[in-house]
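I opened my notebook next to the viewer today and jotted down what I looked up, in the order I went. Come along with me.

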Amino acid sequence: MYFYQPSQGHGLPHDPLNAIIGPRPIGWIASLDGSGQRNLAPYSFFNCFNYRPPIIGFASSGWKDSVRNINETGEFVWNLTTRDLAERMNETSASIPHGEDEFTRAGLTPAPSRIVSAPRVAESPVNFECRLSQCIQLTTAAGSPVETWLVLGEVVAVHIDESLLEEGIYQTARAQPVLRGGGPSAYFTITEAQRFDMRRPDDR
Ligand SMILES: Cc1cc2nc3c(=O)[nH]c(=O)nc-3n(C[C@H](O)[C@H](O)[C@H](O)COP(=O)(O)O)c2cc1C
């Protein structure tokens, strides 16, 4: 077995961590700053953490604009990245000056949300409107602060393109979600052919 202790480096051409914990869904996060300026950025340290109420979260390495905005306004919108939106999602990760609009830069349309002020990505077929529930600075096991913030939000409104519902059941593969692999450039998507079903022991 290849063995390493992360505190001493991995000794490999690329950190394998995010190739192992992968592919990861993408938190494509839209927010507004305190003056109403739009922001949009992808975060692959992202997931859903609770059903009722639904709570999703992403981790920002550094106090980036998304974290700053969400702490200013208490709101954000999560947008599903689909295969046809992959390149535009990637474009929204560019470091551009605060105040420049990633929607415009990536050729995306901001659509009004119903409950929160932050905009939705109109081209994305699923959007979650969220209210900030917690913003937690991570620490090491020894308790030293890490320059990473975990932003958690309660999903207060959900928009789903009805073409992704089959008799009311959401079709995960039909949406062609973009998932992040490891290294500098690897992504995946999924097809229905890769699906298999398995019930929990308690449900059988
Ligand atoms: C697919 C993808 C996933 C990313 N995931 C993260 C992440 O999990 N955490 C992070 O801090 N940055 C991540 N980034 C980089 C941010 O998107 C980038 O720093 C961006 O400029 C941040 O924007 P903001 O300052 O407007 O929030 C990712 C970039 C891409 C393309």
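**Entry 1: the ligand**

I started with N39 and found one of its polar side-chain atoms 2.9 Å from an oxygen atom of the ligand. I kept in mind that this is a predicted model. Next I checked the backbone: a polar backbone atom of P42 sits 2.8 Å from an oxygen atom of the ligand. At S93 a polar backbone atom is 2.9 Å from a ligand oxygen.

How much of the ligand does the protein bury? I looked up the area: the ligand taken alone exposes 640 Å², and 85% of that is buried by the protein.

Then I asked which elements give two or more residues to the shell around the ligand. My list reads β3 (38-43), β5 (55-61) and α2 (65-73). Strand β3 provides the largest share, with four residues. I counted 18 residues around the ligand, and the ones that come nearest are P42, Y43, S44, S61 and S66. Sorted by class, the shell holds seven nonpolar, seven polar and four charged residues.

**Entry 2: salt bridges**

How many salt bridges does a search of the whole structure find? I wrote down seven.

The pair I looked at next was R38 and D101, whose closest N and O atoms are 2.7 Å apart. R38 belongs to strand β3, while D101 is in the loop between α3 (86-91) and α4 (102-106), so this salt bridge ties together parts that are 63 residues apart in sequence. Is D101 buried or exposed? I have D101 down as buried, because its relative accessibility is 11% and the cut-off for buried is under 20%. Its partner R38 is partly exposed at 30% relative accessible area.

I moved on to R83 and E87, whose side chains meet in a salt bridge at 3.4 Å, N to O. R83 is partly exposed with a relative accessible area of 38%, whereas E87 is exposed at 51%. I noted that E87 gets that label because exposed means over 50%.

A further pair is R174 and E166, with 2.4 Å from N to O. Both partners are listed as partly exposed, R174 at 41% relative accessibility and E166 at 39%. I also noted a network: E192, R195 and D197 are joined by salt bridges that share partners.

**Entry 3: the backbone**

I went through the backbone with one reminder in the margin: most residues other than glycine have a negative phi, and most peptide bonds are trans.

Where are the cis peptide bonds I noted? One joins G22 and P23, with omega about -5°. P23 lies in the loop between α1 (17-20) and β1 (24-25). Another cis peptide bond joins R52 and P53, and there omega is about 0°. I placed P53 in the loop between β4 (46-50) and β5.

For positive phi values I flagged E167, which has phi near 50°. This residue is in the loop between β11 (165-166) and β12 (169-170). E167 is exposed, with 79% relative accessible area. I flagged Q176 as well, since its phi is also positive, near 50°. Q176 sits in the loop between β12 and β13 (179-180). Its relative accessible area is 37%, so I wrote it down as partly exposed.

While I was at that loop between β12 and β13, I looked up V178, which is found there too. Is V178 buried or exposed? V178 counts as buried, at 4% relative accessibility. I also took a C-alpha to C-alpha distance: V178 and V156 are 24 Å apart in space and 22 residues apart in sequence.

**Entry 4: a nonpolar patch**

Which residues form the nonpolar patch on the surface? I wrote down V158, I160, L165 and Y170, with about 300 Å² of accessible area together. I picked I160 for a further look and found it in strand β10 (residues 145-160). I160 is partly exposed, at 37% relative accessible area. That value fits the patch, because patch residues need over 30% relative accessible area.

Technical notes: Residues are numbered from 1 along each chain as its sequence is written. This is a predicted model: local features need pLDDT of at least 70, side-chain atom pairs count only at pLDDT 80 or more; totals for chains, interfaces and linings use all residues. Side-chain values use heavy atoms; hydrogens and water are left out. A residue is near a molecule or strand if one of its heavy atoms lies within 4 Å of it. A polar contact is a pair of N or O atoms within 3.5 Å; within protein, one must be able to donate a hydrogen and the other to accept it, and residues adjacent in sequence count only if both atoms are side-chain atoms. Accessible areas come from the Shrake-Rupley method with a 1.4 Å probe; for residues, only the protein chains shown count as cover. Ala, Val, Leu, Ile, Met, Phe, Trp, Tyr, Cys and Pro count as nonpolar, Asp, Glu, Lys and Arg as charged, and the others, Gly among them, as polar. Patches are made of residues with over 30% relative accessible area and no salt bridge: like charges are joined within 9 Å, nonpolar side chains (Val, Leu, Ile, Met, Phe, Trp, Tyr) within 5 Å. A salt bridge is a side-chain nitrogen of Lys or Arg within 4 Å of a carboxyl oxygen of Asp or Glu. Buried means under 20% relative accessible area, exposed over 50%, partly exposed in between (1.4 Å probe, protein chains only).
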